[in-house]
Amino acid sequence: MPEPAAILQMGPIGPHLDQQLGQRGKVLRLWEAADRDAALDGAAAGVRVVVTSVRLGCPAPLIERLPRLRAICSWGVGYETIDVAAAKARGIAVSNTPDVLDDCVADLAWGLLIAAARRTAAGDRYVKDGQWRAIGQFPLTTRVSGKRLGILGLGRIGEAIARRGAGFAMDVRYHNRRERPGVPYGYESSLVQLARWADFLVVACEGGASTRHLVSQAVIDALGAKGILVNIARGTVVDQEAMVRALAEGRLGGAGLDVLEKEPAVPPELLSMDQVVLMPHVGSATRETRRAMEQLVLDNVDSFLAGRGLLTPVHVG
Ligand code: NAP
């Protein structure tokens, strides 16, 4: 009898992780199986660890199929595609990869903020298309430094975004469900109030059902014609239809978006808007950070297999 797989890997995650995981025990690489159902049936009784990502997920029916499962180690900080409640009910621990990606996601948030305010993507096209020579002066844009920065979700990434605000002499306030003691930023218990106050509203809270369309029509209206919305969290947090309408009608000043509601689908109206800057969901996608995320998944697997529990467990509820 061949040794049963102790680890189930749902899909390819990154070269470092994909290559190193096999040194931790026998791995069922599910995406390589000709018949995934049969492969799962064959390995189910032996699997103790699932290695997955926020994109690949780990739904309740899969958890139910794995009677000896004890840990789910996920790549990425969001975990809305993993049924954490079903795992918790079975005493299965879940880990993600927090902290190591904060700086890169915060950097991109600022890149989008500056690009939307100063229209750097449009300016780049202007120069490359020969319009600078043909038309001359590029239209005036919006000042960044010294403005008001509102953050929806002052967690790990939100705080890294807020810290960078000091370098731009910005006044920073935030909205969470709970006020955070000991942070040097003003708290707004109402998101609409925060949006009314802010010049820039950056979305950095978690995704999933609990935050769906938190940035509603009312929040967008409060941000207003001079306001700029930046989203590096999840597309679902913003009422995208309301946002597109407000941008098209000039009721929202601009947007910098790393994430969209039904990505990779892009609302066609956004494609021709110079006041909108788009990125293809790449907040953490630098070589350095992706490597660190892969290593943190491996460190979690190692710690679990050595009987020391997960290093970065997800805490919910
Ligand atoms: P975190 O430390 O858990 O912070 C999340 C923050 O959101 C907390 O401060 C939380 O405060 C707040 N929040 C949650 N639900 C809320 C609600 N209903 N209303 C208001 N505030 C709420 O998470 P993180 O590590 O900073 O990551 C944040 C998110 O960024 C992730 O969940 C992920 O979706 C996204 N992300 C995107 C990329 C990318 O590539 N673009 C990369 C990494 C992460 P309270 O609990 O007090 O409400």
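Which backbone atom lies 2.8 Å from a nitrogen atom of the ligand? Select I232 to find out. A backbone N or O atom of I232 sits at that distance from the ligand nitrogen. Overall, the protein covers 89% of the 930 Å² of accessible area that the ligand has on its own. Keep in mind that this is a predicted model.

**Stop 1: around the ligand**

Stay with the ligand and show its surroundings. The shell holds 27 residues. The closest are I157, R177, R178, I232 and D258. Colour the shell by class: 11 residues are nonpolar, 10 polar and 6 charged.

Now pick I157. One of its backbone N or O atoms lies 2.8 Å from an oxygen atom of the ligand. Then pick N176. Here the side chain takes part: an N or O atom in the N176 side chain is 3.0 Å from a ligand oxygen.

**Stop 2: the cavity**

Rolling a probe the size of a water molecule over the atoms shows where empty space is left. A search of the whole structure for cavities of 30 Å³ or more finds 1. The volume of the largest cavity is about 30 Å³. To see its walls, select N231, G235, V238, Q240, M243, L257, V259 and L260. That lining has 5 nonpolar residues, 3 polar and no charged.

**Stop 3: the second largest pocket**

Next, select H213, D239, Q240, E241, V244, E261, K262, A265, V266, P267 and P268. Together they line the second largest pocket. Its volume is about 200 Å³. The lining of this pocket divides into 5 nonpolar, 2 polar and 4 charged residues. Q240 appears in this lining, and Q240 also lines the largest cavity.

Zoom in on H213. It lies in the loop between strand 9 (200-203) and helix 10 (217-223). H213 counts as partly exposed, because its relative accessibility is 23%.

**Stop 4: backbone oddities**

Most residues other than glycine have a negative phi, and most peptide bonds are trans. Three places are worth a look against that background.

- H213 again: its phi is positive, about 55°, although H213 is not a glycine.
- A169: phi is near 50°, a positive value in a residue other than glycine. Find A169 in the loop between helix 8 (156-165) and strand 7 (171-175). Buried or exposed, what is A169? A169 counts as exposed, because its relative accessibility is 56%.
- E263 and P264: a cis peptide bond joins them, with omega about 10°. P264 is in the loop between strand 11 (254-257) and strand 12 (276-278).

**Stop 5: three buried residues**

Select T52, in strand 3 (residues 49-53). T52 is buried, because its relative accessible area is 0%. Show its side chain: a polar atom there lies 2.7 Å from the backbone oxygen of G57.

Move to T97, in the loop between strand 5 (93-95) and helix 5. T97 has a relative accessible area of 0%, so it is buried. Add E294 to the selection. T97 and E294 are 197 residues apart along the chain, yet their C-alpha atoms are separated by 8.4 Å.

Finish at D102, in helix 5 (residues 102-118). What makes D102 count as buried? D102 counts as buried because its relative accessibility is 10%, and the cut-off for buried is under 20%. Draw a line from D102 to M243, one of the residues lining the largest cavity. The C-alpha atoms of D102 and M243 are separated by 26 Å, with their positions 141 residues apart along the chain.

Note on methods. Residues numbered from 1 in each chain as written. Predicted model: local features only at pLDDT ≥ 70, side-chain atom pairs only at ≥ 80, totals over all residues. Heavy atoms only, no water. 1 Å grid on protein atoms, 1.4 Å probe; cavity = no way out; pocket = protein on both sides within 12 Å on 5 of 7 lines; lining within 4 Å. Points joined across faces, edges and corners; volume = space filled by probe spheres on them. Nonpolar A, V, L, I, M, F, W, Y, C, P; charged D, E, K, R; others polar. Near = heavy atom within 4 Å. Polar contact = N/O pair within 3.5 Å; in protein donor to acceptor, adjacent residues only side chain to side chain. Areas by Shrake-Rupley, 256 points an atom, 1.4 Å probe, with all protein chains shown as cover. Helix = DSSP H or I, 4+ residues; strand = E, 2+ residues; numbered from the N terminus. Buried < 20%, exposed > 50% of the residue type's maximum accessible area, 1.4 Å probe, protein only.
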